[in-house]
Amino acid sequence: MRERADQGVSRAAGRGAGSAAVAPAVRMSGVCKFFGPVQANSEASLEVQAGEIHAVVGENGAGKSTLLRVLAGLYAPDGGTVEVFGRDVTGWSTSDAIAAGVGMVHQHFMLVPTLTVAENVVLGREPMSGLTYDRATAESRLETLSRESGLACVPSRLVSELSVGEAQRVEILKTLYRGATLLILDEPAAVLSPPEVDELWRVLRTVRDAGATIVLVTHKLDELMEVTDRITVMRHGKTVMRLRTSETTPAAIATAMVGRAVRLDANGMPVGADAAALGLAASTDEDAGAADDHGAELDGASVSEAWTAILDAGAPPDEMIVSSARNRITRSAPAAIISAPTPTYADVPRLRITALTVPGPRSPRAVGALSLSIAPGEILGLAGVEGNGQTELIEAIAGLRATTSGTITVDGTDVTRYSIGKRLALGITHIPEDRQTRGLVLDYSIADNLILGRQTHFSRSGRIDRARTLAFAEDRIKAFDIRPADPNALARSLSGGNQQKIVVAREMPADFRVLLAAQPTRGVDVGAIEFIHDQLRAARCAGKAILLVSAELHEILALSDRVAVMYRGRIVTILPRAAASEDVLGPFMTGAAS
Amino acid sequence: MRAATSAAIEDGVLPTLTALLVALVAGDLLILSYGQAPGEVWRLMMSGTWGNAYGIGQVLYKATTLVFTGLSVAIGLRAGLFNIGAESQLAAGGFCAAALGLLLPTGMTPWLAIPMCLLAAMLGGALVGFIPGVLRARFGAHEVIATIMLNFVVLALLNWAISATGLAVPETLHTPPVASSSIPRLAAFFPVFHGSAANGTILLALMAVTVSAWLLFRSRFGYELRATGLQPLAAESAGIRVPRIWMMAMVLGGAVAGLGGSNFVLGYKNYFEDGFNGGAGFLGIAVALVGRNNPFGVLLAALFFATLSQGGLAIHALVPKQMVEVLEGIVILAVAVSVPEVRRLLRARPAPSATTLPVTV
């Protein structure tokens, strides 16, 4: 893998720096973009060589998406210049961009589900025979494109039948069909399951090897090491550095992103600040000290100034080497992280599920006669490929989905017939997997979102107590470092990570008993992941029961006391953390073992 | 807080002002096409409405009904429902007020009779709102279809009740007068309003605006109602019983529209007349839209549309009064269009406001 990346770099370097006459695919400099009083980009820069895969990384709200949307013509910049293949295109429109071969693949797909793959790809420029759509030509063109680009697809299938990963491939094909030579992808991996992510990286390499240039935003530091040639790191709307992938480490990137050291485990997942306090990681103290020094070295103005100086001097970006300190961040040994205190299995588990059957949208037994129990102070990780009943199980426990048989008890109380509100009052809380539709009212303020579900506690004789709501919000905003720290800011205006912090802050009040955490860190930046993991660990120590569903096996292994694997609506195995690993779990997840 | 306020102004006021400007220009062109001077027509319109006490009284009278129907639609929209049924809710409210008034003994004190009739008006409207509400909550029937169809049913039923049951005064389509529960006209206190239909129901309308604003933006019920309208799945996850909110919103909207029936029945003619609603329920949709679903915005929008409608009569000598109907249409269209456009011009926050949703229905 690494070898491939190196080749990519040398090739790109050969084209870019080697011959000064060849313009880079993208050169953005001094880009500023305001949204009202909020400055999303200030003097941001981006330089991408032709034929490379270039990742833009940074915390949520660092301005990555904004910068790429400026590049794709979705936003006009308030300052700065944008050059594509040497041509000044500052302030162009999306149609200009498409005409120039710049295509953006959005996080939320723009496909028509009732049309076939081929129809979606050619939509807007359909081949016609006379007055009718020429289906045969469309499908044969797509087959040619599919063969040339190495992206497999079945042109005659309906898009509604496709998995998320397949739909994304159709999006990429659509962009290529329109003649894109520069692909922009905004968090392409966020919506995919692990096997689909691997497939995506394969696809992107194929597309690059066919001559395209790719710019993408991602949060998956470990994986971008495998697939990208170069990386641009952004912080607070500014570009803080650019590096060659082959000369850096996930830890160094994370440090540059956050502006301080972030401890990562072997899988690139951050390790909680309280890990040391809990005695989970014996060696962390020392490492953290070293890492802090490192963070200070890299932090703040010095780096960006140095970078600016280099840019001003016109030196090729390849000269920017930030590998000096990378070996000084010692990764915490995985063995140290996992030695969590053994939960005390009380006579009465906090959450007990007995022979629960839940109908789903596609199957009458999305969850089939499933039983499990979670002790106080235990995190049970529920692993499995998405779509095997995890969502239905969580929704049934939360009361959002009707069950056909079986019981759910919390601390001995049968809640199977309880309303959602009654379950909330009893202390069953829920971090839903789709925060934007289930977790938040986007057009409510942060304060109003923080009391959602507990509005009864914050009202007196039918009236919402504004003063108490605001005081509570100020407190939560401070405790969870929600930015901006303005209780009246609309949730919609926040970045994904800060939106998720609102949900987490709300769903983890002092007195909850059972937390259903579905994809708690999906699409969230490293700093926020670390924070949310800390919260989950702290809740475990406070005797809560947590059911954790995550598409990230790393996350499940980093947090869980026991790991259950769900396959086709059943739990096929439950292992103590010490016995679980990716190798052991993999066959269960795919149904190969049972 | 200041940012929130300026955002509210940006969202609420600017699109409306833009729309009015567009309508003004379109009106100029229309007037010119009739060979008249725009300045002269506008002047005539102002002097026929706000230029004298009678005109003011008529505008206030027309605005009163529009406030009620506008609030009815706005409450529904805040809960995510498009209530097209304000027309029949208004009519049913008026009918119930008159029917009860006729049943009450003639010598009854107005202090008791009027509140009872107002209650009857609210119950009548609420019943008409309840039907689509419960159909939506229990069976998922779309409220737009249900309210439109119910308009036909209810208005036909009222027509039957008045014409085929001997309730009406012979040779007319209205009931005998309801003496005991008449709301006094403004002219009773301010003789200058003599001849105009404006009456004490105005105070009721102002109360309805204040109470609705409190209910929507200060109360827990309003918090839950708006959450349901903006993000029903999130509301459901928070334990809010969404179908119940939908039903309550329709019942409440129906009650408010029904109360509006008292303006004509108790305040103006003192009897129920078939067809008195005369489109005020449908115009309520425009009032809610232009008022941005804010009760105080509804109040201003109601005054605006009442002015146009009364002004149409004043300018009839120069241009056809249908011109104001064209202007009404232009204002509604312009508001619908200008909401996102204004924001783009100002480079404001990227997200579309949820209150623009009804436009797409």
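Two residues are in contact if their C-beta atoms, placed from the backbone, lie within 7 Å. The model is predicted: local features need pLDDT of at least 70, side-chain atom pairs count only at pLDDT 80 or more, and totals for chains, interfaces and linings use all residues. Residues are numbered from 1 along each chain as its sequence is written, and chains are lettered from A in the order in which they are written.

**Exercise 1.** State which residues Val67(B) touches, and place Val67(B) in the largest nonpolar core.

*Solution.* Step 1: leaving aside residues up to four places away in sequence, Val67(B) touches Ala205(B), Ala208(B), Val209(B), Val298(B), Leu299(B) and Ala302(B).
Step 2: a nonpolar core is a set of buried Ala, Val, Leu, Ile, Met, Phe, Trp, Tyr and Cys residues joined through C-beta atoms within 7 Å, buried meaning that 20 or more other C-beta atoms lie within 10 Å of a residue's own.
Step 3: the largest such core has 264 residues, of which Val67(B), Ala302(B) and Ile184(A) touch the most other members.
Step 4: with 15 residues, helix α11 (residues 242-265) of chain B gives the most to this core.
Step 5: the core lies between domain 1 and domain 3 of chain A, because both give residues to it.

**Exercise 2.** Determine where in chain B the pLDDT (the predictor's confidence in each residue, from 0 to 100) stays under 50.

*Solution.* Step 1: chain B has a mean pLDDT of 89, with 90% of its residues at 70 or more.
Step 2: the stretch under 50 is residues 347-361 of chain B, for which the model has 24 contacts beyond four places in sequence.

Key: Buried ≥ 20, exposed ≤ 12 C-beta atoms within 10 Å, placed from the backbone. Helix = DSSP H or I, 4+ residues; strand = E, 2+ residues; numbered from the N terminus. Domains from an automatic or database assignment.
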